Amino acid sequence: MPPDIEFEADSLDYLKGLEGKRAVLVTGGSSMKKFGFLDKAAGFLEEAGLESIVVDGVEPNPSVETVERGKEAMLDFEPDWVIAIGGGSALDAAKIMWVFYEHPKLNFEDIIEVGSIPKLRQKAKFIAIPSTSGTASEITAFSVITDTKKKIKYPIVSPEIIPDIAIIDPKIPTTMPAHITANTGMDVMAHAVESFVSTGASDYTDPLALRAIDLVFKYLPAAVEDGDNLDAREKMHNASTMAGMAFSNSSLGIIHSLAHKIGGELHITHGLANAVLLPYVIEFNYEAAKDKFEYVENFIGVDSLADAIRELNKNVGIVPAFKDIDWLDFTADDFEVILDRMSQNALEDPCTLTNPKQPTVEDMKEIYKKSFYGK
């Protein structure tokens with residue numbers, strides 16, 4: 001975990017106290033600019049005596065090309081702070097930009113293997129400021145980068161990319177639209193559920209994961225219904241970070257393996273992919289981790305965790321199957337063409353290693369079919 005976690009309203013002003021010469025702010029689309037948070041962060045840095053530049057335009061599934069663009073900007077500017085502000089994509093991209101800034105001779109292929117990133121912090125330290133309550137990239141040793149040529153999302157895993165400082169300011173996610181609040185909130189649920197039943201779970205990760213599950217059930221509908229509900233926003237922001245603390249130490253499972261690959265192929269956003277896959281993967285894993293799943297069900301007071309999640313998805317406006325996503329341009333034929341390749345790639349994803357039940361390629365294909373067609 002980061003050694004410093006700032007969590008409360010207006011904790012963004014922590015930036016006023018930074019020491020250094022230059023900082024680069026990495027962000028995604030226009031929302032952080034539109035709602036004034038980017039300018040506020042730059043103002044706090046100026047107040048601290050730091051010169052800053054902005055690297056923006058990080059796309060929802062950040063690509064190797066975007067990472068390279070950020071690396072070049074950092075090599076030119078030579079910051080001693082890299083500050084990511086925005087959604088999980090911006091945070092993920094900034095982490096790997098930082099890696100290549102510190103080690104410009106590395107290629108992307110050099111860091112795909114788990115734990116292969118060399119020592120960082122020779123040039124800069126890293127601050128993560130999430131604008132969504134979902135990915136928990138502000139707390140974790142994970143980043144997900146897309147190779148657009150191979151159409152594969154790669155989870156990059158290394159303790160080196162854990163941020164030095166995480167700023168969890170609940171005022172920032174109040175700008176999220178309802179559908180993004182829903183999708184990212186179910187990403188929290190996926191992190192927490194998978195952490196709790198992971199083969200790497202422990203007495204230290206379980207309480208964080210369990211509390212995060214409880215908070216999502218209680219507060220996600222309210223956060224979706226009223227984006228200005230600061231209490232619900234704070235609880236979801238905290239749940240996201242707590243789930244991140246859990247899974248960064250326990251790892252995940254095949255919800256994420258499957259989501260990474262279908263996201264890379266069909267450009268489905270990560271939280272939405274997780275939300276659709278969640279109940280089907282719980283059912284696949286149930287007998288292998290029955291004691292754990294029953295503990296969750298008793299704790300939150302439901303008969304079936306998979307069915308409770310289906311109901312939660314429905315309540316926050318998430319479709320039950322991939323075929324029902326009407327705003328994406330793919331067909332059942334497109335899905336069938338990529339199914340074999342996608343299933344094999346999902347099986348080889350690092351997250352598969354800690355799934356409670358070890359799947360086969362055929363298992364992965366079956367889960368994909370159920371989640372695509374809703375059967």
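# A guided tour of the model

Start with E78, in the loop between α3 (64-77) and β4. Keep in mind that this is a predicted model. Check the backbone of E78: phi is near 55°, a positive value in a residue other than glycine. Most residues other than glycine have a negative phi. Now show the surface. E78 counts as partly exposed, because its relative accessibility is 47%, between the cut-offs of 20% and 50%.

**Next stop: H267**

Select H267. This residue sits in the loop between α8 and α9 (270-285). H267 is not a glycine, yet its phi is positive, about 60°. Is H267 buried or exposed? H267 is exposed, since its relative accessible area of 52% is over 50%.

**Into the strands: β2 and its partners**

Select residues 22-26, which make up strand β2. Four of the five residues in β2 are buried, so the strand is mostly covered. Add residues 51-55, strand β3. β2 and β3 run in the parallel sense and pair over five bridges. To see one facing pair, pick V24: I53 in β3 stands opposite.

Now add residues 81-86, strand β4. β2 and β4 are parallel too, and four bridges join them. Pick L25 and look across to I83 in β4, which stands opposite.

**A hairpin: β6 and β7**

Move to residues 142-147, strand β6. How many of the six residues of β6 are buried? Six of six are buried, and the strand is mostly covered. Show the side chains. F142, V144 and T146 point one way from β6. S143, I145 and D147 point the other way. The residues of both groups are all buried.

Extend the selection to β7, residues 152-157. Six bridges pair β6 with β7 in the antiparallel sense. Find D147 and its bridge partner in β7, I152. The two strands form a hairpin, with four residues between them. Within that turn, stop at K151, where phi is positive at about 60°.

**Salt bridges**

Turn on the charged side chains. The model holds 15 salt bridges. Three of them follow.

Select E160 and R121. Their side chains meet in a salt bridge, 3.6 Å from N to O. E160 lies in the loop between β7 and β8 (165-168), and R121 in the loop between α4 (88-102) and β5 (125-130). The pair therefore ties together parts that are 39 residues apart in sequence. R121 is partly exposed, with a relative accessible area of 29%.

Go on to K261 and D349. Here the closest N and O atoms of the salt bridge are 3.1 Å apart. K261 belongs to helix α8 (residues 254-266). D349 is in the loop between α12 (332-347) and α13 (361-373). The pair links distant parts of the chain, 88 residues apart. Are K261 and D349 buried or exposed? Both K261 and D349 are buried.

Now select D307 and R310. The N to O distance in their salt bridge is 3.1 Å. Both residues lie in helix α11 (residues 305-315). They are three residues apart, so about one helical turn separates them. D307 is partly exposed at 44% relative accessible area. R310 is partly exposed as well, at 28%.

Return to R121 and E160, and add D164. Salt bridges with shared partners join R121, E160 and D164 into one network.

**A negative patch on the surface**

Show the surface again. Select E8, D13, E46, E47, D231 and E234. These residues gather in a patch of negative charge. Which elements give two or more residues to the negative patch? They are α2 (37-47) and α7 (230-250). Pick E46, which lies in helix α2. E46 is exposed, with a relative accessible area of 62%.

**Last stop: D206**

Finish with D206, in helix α6 (residues 206-225). D206 is buried: the relative accessible area is 15%, under the 20% cut-off. Now add A192. D206 and A192 are 14 residues apart in sequence. In space, their C-alpha atoms are 8.8 Å apart.

Terms used
Residues are numbered from 1 along each chain as its sequence is written. This is a predicted model: local features need pLDDT of at least 70, side-chain atom pairs count only at pLDDT 80 or more; totals for chains, interfaces and linings use all residues. Side-chain values use heavy atoms; hydrogens and water are left out. A salt bridge is a side-chain nitrogen of Lys or Arg within 4 Å of a carboxyl oxygen of Asp or Glu. Buried means under 20% relative accessible area, exposed over 50%, partly exposed in between (1.4 Å probe, protein chains only). Patches are made of residues with over 30% relative accessible area and no salt bridge: like charges are joined within 9 Å, nonpolar side chains (Val, Leu, Ile, Met, Phe, Trp, Tyr) within 5 Å. Accessible areas come from the Shrake-Rupley method with a 1.4 Å probe; for residues, only the protein chains shown count as cover. Lys and Arg count as positive and Asp and Glu as negative; His and the chain ends are not counted. The place of a charge is taken as NZ of Lys, CZ of Arg, CG of Asp or CD of Glu. Two strands pair if DSSP finds at least two bridges between them.
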